[in-house]
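Hi everyone, thanks for coming along. I'd like to take you through one protein chain today, step by step, so please have the viewer open.

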Amino acid sequence: MRDIPFHIDAAVGQARATTFELARGTIRTPLYMPVGTQGAVRGVHPTQLEETGAQIVLANTYHLSQRPGEELVDRHGGLHRFMGVSIPILTDSGGFQVFSLDKEVTEDGVTFQYEVDGNKTFLSPERSMDIQQKLGADIAMVFDECVAYGSDYDYVARSVDRTTRWEQRSKQAHTRPDQSLFGIVQGGFWPELRQRSAEAIAAIGFDGYAVGGLSVGEGHDKMCEVLDHTTKHMPWDAPRYLMGVGRPLDMVEAVARGIDMFDCVIQTRHARSGVVWTWHGRVRVTDKRYRKDLRPLDDRCTCTTCTTFTRAYLHHLFKVNEILAATLASIHNIAWFQQFMTAMRLSILDGSFEDFRKEVHATYPDGAPEEPEGEGKPKSVGGRPAQVADNRPRPTSRKPKPRKR
Ligand SMILES: [Zn+2]
């Protein structure tokens, strides 16, 4: 573990703008981390990824340990060399994926069948630390149990205590001094279990602290309620990471409750089906209304997609199933969320966070359709246009600017 330098630059209530140092870079929060499950952000070259302003990229321990195996990554000198990225990397512990499979949980760890070849595999705190240290990311995550949504109190209570023991074992097994190790708070939807977990994990002591077990179908209000009961028991002077959450409204409300970091796959997953986020709401660029639209995806976005191409071009690429469509939309979504988080950070620094929060509520209200139904199949979402602002008066459409180089 490293003792990471951490600084709170400003706070508005519980919302913080922080800076911390990792082995490969300085991180500024609030922060959105794109996900490269299989060792790549799908369809996005590392150079393009870095141009989006992404500060950290995620990789999945479970997937990479199965294919190609951590030994091969280690022989490359670690994930940075293997993936060709120079920005910091965070690896999850593998727990989240494993607990969605058929498995047997004991005090030692978890036995499960690997999805691809059906082989029996065992994952434990020690095994997860061994894999993650070989992968060599800047941040490793402890091995925890992510309980299923709807698990009963007794099970979650036993699981919280076992997870605490697993996190102790994770810390003991972790020896790499250039890698930060984050603990994870569990506890399902019971305030006293969240508190018990948060206090126990804080007592073990980590470089940062994550909230796990959310974004499992509980909905926005329940998520906020759990955070209200959780973050107040977490250390104030370390990064706090809400795992798997990535919708604008969830993010701004989590930041309002003291969260600094997020990761989510919806940005890139939805991009591949033609759904992009903008400052005016979500846009489904495959919709026929964009066939002749000469505007960029977002008139305020500074990404290379928006400064080079029109909606009409993106629409065309999706219609002819050109793979570049997925790449360009992914670049925009990742970059847009970087700009969204930077705007949120600036609003904390200058004290206008509450105004920013109201704007997000107005643009991305709870209950607004978020999930496109099936990749590549454009559908009208819930009868409500996803791009509310498209009926509003706009400045004259602008021509795409040549790409800055
Ligand atoms: Zn853009």
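I'll start with the domains, then go to the core, the sheet, a hairpin and one helix residue. Please keep in mind that this is a predicted model.

Let's begin with the overall layout. The domain assignment splits the chain into domain 1, residues 6–264, and domain 2, residues 274–391. If you take the centres over C-alpha atoms, domain 1 and domain 2 are 27 Å apart. How many residues of each domain are in contact with the other? On the domain 1 side there are 28, and they meet 25 residues of domain 2.

What builds the side of domain 1 that touches domain 2? The elements giving two or more residues to it are strand 1 (6–12), strand 2 (15–22), strand 4 (31–33), helix 1 (46–51) and helix 10 (248–256). Helix 10 gives the largest share, with five residues. By residue type, this side of domain 1 has 17 nonpolar, six polar and five charged residues.

Now let's look inside. The largest nonpolar core has 100 residues, and those touching the most other members are Met33, Val57, Phe182, Ala210, Leu242, Phe262 and Leu314. Which helix gives the largest share of this core? That is helix 13, residues 323–349, with 13 residues. And where does the core lie? Both domain 1 and domain 2 give residues to this core, so it lies between them.

Try clicking on Ala210. Apart from its neighbours within four places in sequence, Ala210 is in contact with Met141, Phe182, Gly183, Ile184, Val185, Tyr241 and Met243. There is also a second, separate core of six residues, including Phe96, Val147, Val160 and Leu193.

Next, the sheet. It is an open sheet of nine strands with parallel pairing, and the order is 4-15-14-13-12-11-7-6-5. Which strands sit at the edges? They are strand 4 and strand 5 (35–36), each pairing on one side only.

Let's zoom in on one pair from that order. Strand 11, residues 139–141, pairs with strand 12, residues 180–185, in the parallel sense over three bridges. You can find Ala140 opposite Leu181 of strand 12. Then there is helix 8, residues 191–204, which packs on the sheet and touches both strand 12 and strand 13 (208–211). The direction of helix 8 makes about 160° with that of strand 12.

Now for a hairpin. Strand 16 and strand 17 form it, with two residues between them. Strand 16 (residues 275–278) and strand 17 (residues 281–284) pair in the antiparallel sense, over four bridges. One bridge joins Val276 to Val283 in strand 17.

Here's a handy idea: in a regular strand, side chains alternate between the two faces of the sheet. Look for it in strand 16, where Val275 and Trp277 point one way while Val276 and Thr278 point the other way. Are these four buried or exposed? All of them are buried.

Last stop: Gln66, which lies in helix 2, residues 61–66. Why does Gln66 count as partly exposed? It has 19 C-beta neighbours inside 10 Å, and being buried takes 20 or more. Leaving aside neighbours within four places in sequence, Gln66 is in contact with Tyr114 and Val116. Gln66 and Tyr114 are 48 residues apart along the chain, yet 7.9 Å separates their C-alpha atoms.

That's my tour, and I'm happy to go back to any part of it.

Terms used: Residues numbered from 1 in each chain as written. Predicted model: local features only at pLDDT ≥ 70, side-chain atom pairs only at ≥ 80, totals over all residues. Domains from an automatic or database assignment. Contact = placed C-beta atoms within 7 Å. Nonpolar A, V, L, I, M, F, W, Y, C, P; charged D, E, K, R; others polar. Core = buried A, V, L, I, M, F, W, Y, C linked by C-beta atoms within 7 Å. Buried ≥ 20, exposed ≤ 12 C-beta atoms within 10 Å, placed from the backbone. Pairing = 2+ DSSP bridges. Axes fitted to C-alpha atoms, helices over the stretch in contact; angles between N-to-C directions.
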